[in-house]
Amino acid sequence: MTALDQMAPEIPPLLGDSGMYREAVNQFDRVAAYMGLDPNISQRLRLPQRSLVTTFPFRRDDGRVETVFGYRVKHVLTLGPTKGGIRYAPSVNLGEVAALAMNMTWKCALVGLPYGGAKGGVRVAPETLSRGETQRLTRRYTSEIFTFIGPQRDIPAPDLGTDAQVMAWIMDTYSHHVGHGAPGVVTGKPVELGGTAVRQESTGLGLAFLLPMALEMVDLPLENTRVAVQGYGQVGRSAARAVTRLGARVVAVSDLSGGIHCPDGIDIQALEQWTDRNVWVKGFPGADPIRGDQLFEVDCEVLIPAAIQEVIHAGNAHDITASVVLEGANAPTTMEADRILRDRDILVVPDILANAGGVTVSYFEWLQGLQYYIWTDDETRQRLQQIMTTAFREIKKVAGEENVDLRTAALIKGVARVTNAKLLRGLFP
């Protein structure tokens, strides 16, 4: 037993019961051991610094009152205020939220943002909510976490099941509590309330900025590169659009309704018009239908998992044909699948780098909210590209120097920055 094993605090059941949280901790432990991290720092970073669990009622349109669970977790406060999305999903639990908060810490540190990681959520099925019910639930949840958030404390953003309208309601509720407008309390807001138009496409755009650099690492050309997108939601849709503009061919996409496949390339503009009218990709006349899980077997050079966590696992990692996996979702690959992909020489650009475009543009929006000064869309895109490509080059350099994969290199850089900040600040009191 190592000194780290002896000092590591036991994971509380509410966290330890989550497979996703155990994966996040195991991943961190592996890198901490590789780095020879100080055990005092390691044990501190394995657990969230602050966690809030709340239950609260909201009223349905028919008058029924339901009680739901809400969560907000801050992983580390060392680098500045915390930052992270809010998701509405029936599977949300404390462990999941804590795992995502931990990953957000490494992500922010990796691209040099002055944030610690956070995440929040409400255990509810958003598709069952009317607009009025969503607003009432959101405003009550905001009231419950009011003392936890703020422009200098913790800044939420959209995630699964939430959008710009939800952020507008959070901002309005918070502003009523403090007695003045507070645009910096959330990001991902509507443009009319101080948001940026680039925010909706930012994660997919960030992925696209990294695509040429990733293909170069595996000696593949960009022109006509075949791309499969798993999860045609906000991230997958913007990623498909962005890579098509670069000259790649999107040959398959999927969502909850199933998947579609066209070896010659899907007309992305036509698909966007179809989903605007019909919501789902199912039935799109310009491609052949496939099962959602068949997308991982489609012949392609690039796979973009852009839906939810742990969709690439030991059961399907051997079926993937792509040479590059660009992780648009948070934690889409289990550790076991990651080992399989690594053994198969498939280049994985990890989530904490690949999907950092979202939090980076959120940072830009937060700055503009604090300064009451708006950048142009072109300025935002140029600054996003600079940050994303610089981070990729730095991670590639670490990977070469340490002879490790990109995920390990990204974690080394992110963990090192947080560790150095903790050591510089010291222990209080």
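## Cavities, a pocket and selected residues

About 30 Å³ of space lies in the second largest cavity. The model behind this value is predicted. L100, N103, M104, K107, K119 and N330 line the second largest cavity. Helix α5 supplies the largest share of that lining, with four residues. By type, the lining of the second largest cavity splits evenly into two nonpolar, two polar and two charged residues.

**The cavities and the second largest pocket**

How many cavities of 30 Å³ or more are there? The count is two. The largest cavity has a volume of about 150 Å³. Its lining has 14 residues, and E23, Q27, N103, A331 and T333 lie nearest the centre. Two elements give two or more residues to this lining: α3 (19-35) and α5 (94-111). Helix α3 gives the most, with four residues.

N103 belongs to the lining of the largest cavity. N103 also lines the second largest cavity.

The second largest pocket holds about 490 Å³ of space. It is lined by 13 residues, with T78, K422, G426, L427 and F428 closest to its centre. Helices α4 (39-45) and α15 (406-425) are the elements that give two or more residues to this lining.

The table sets out the residue types in the three linings.

| Space | Nonpolar residues | Polar residues | Charged residues |
|---|---|---|---|
| Largest cavity | six | three | five |
| Second largest cavity | two | two | two |
| Second largest pocket | five | four | four |

**Around the pocket: T78 and P429**

T78 is in the loop between β2 (65-74) and β3. Is T78 buried or exposed? T78 counts as buried because its relative accessibility is 12%, under the 20% cut-off. Its side chain makes a polar contact with the side chain of K422, at 3.1 Å. Beyond residues up to four places away in sequence, T78 touches A421, K422 and R425. Both T78 and K422 are among the residues closest to the centre of the second largest pocket.

F428 is also in that central group. The peptide bond from F428 to P429 is cis, with omega near 0°. Most peptide bonds are trans. P429 sits in the segment after α15.

**R87 in strand β3**

R87 is in strand β3 (residues 82-89). R87 counts as buried because its relative accessibility is 3%. Which side chain makes a polar contact with the side chain of R87? That of D159 does, at 2.8 Å. Leaving aside neighbours within four places in sequence, R87 is in contact with V92, E96, L100, G120, G121, V122, D159, L160, T162, Q309 and N330. Two of these contacts, L100 and N330, also line the second largest cavity. R87 and S143 are 56 residues apart along the chain, and their C-alpha atoms are separated by 16 Å.

**Helix α9**

Helix α9 (residues 234-245) has twelve residues. From first C-alpha to last, α9 reaches 17 Å, close to the 16 Å expected at 1.5 Å a residue. Its buried residues are G236, S238, A239, A240, A242 and V243. An α-helix has 3.6 residues a turn, so residues three or four places apart point the same way. What covers the buried residues of α9? The cover includes α8 (202-217), β6 (226-230), β7 (249-255), α10 (268-278) and β10 (302-305). Just after α9, G247 takes a positive phi of about 110°.

**Exposed residues**

Most residues other than glycine have a negative phi. D345 has a positive phi near 60° and is not a glycine. D345 lies in the loop between α11 (335-343) and β12 (347-349). D345 is exposed because its relative accessible area is 69%, over the 50% cut-off.

N403 has a positive phi of about 55°, although it is not a glycine. Its place is the loop between α14 and α15. N403 counts as exposed because its relative accessibility is 70%.

Q382 is in helix α14 (residues 377-402). Q382 is exposed because its relative accessible area is 55%. Q382 and G426 are 44 residues apart along the chain, and their C-alpha atoms are separated by 36 Å.

Terms used. Residues are numbered from 1 along each chain as its sequence is written. This is a predicted model: local features need pLDDT of at least 70, side-chain atom pairs count only at pLDDT 80 or more; totals for chains, interfaces and linings use all residues. Side-chain values use heavy atoms; hydrogens and water are left out. Buried means under 20% relative accessible area, exposed over 50%, partly exposed in between (1.4 Å probe, protein chains only). Contact means heavy atoms within 4.5 Å. A polar contact is a pair of N or O atoms within 3.5 Å; within protein, one must be able to donate a hydrogen and the other to accept it, and residues adjacent in sequence count only if both atoms are side-chain atoms. On a 1 Å grid over the protein atoms alone, a cavity is a set of points where a 1.4 Å probe fits but cannot get out, and a pocket is an open set with protein on both sides within 12 Å along at least five of seven lines; lining residues have an atom within 4 Å of a point. Grid points are joined across faces, edges and corners, and a volume is the space filled by probe spheres set on the points. Ala, Val, Leu, Ile, Met, Phe, Trp, Tyr, Cys and Pro count as nonpolar, Asp, Glu, Lys and Arg as charged, and the others, Gly among them, as polar. The expected span of a helix is 1.5 Å times one less than its number of residues.
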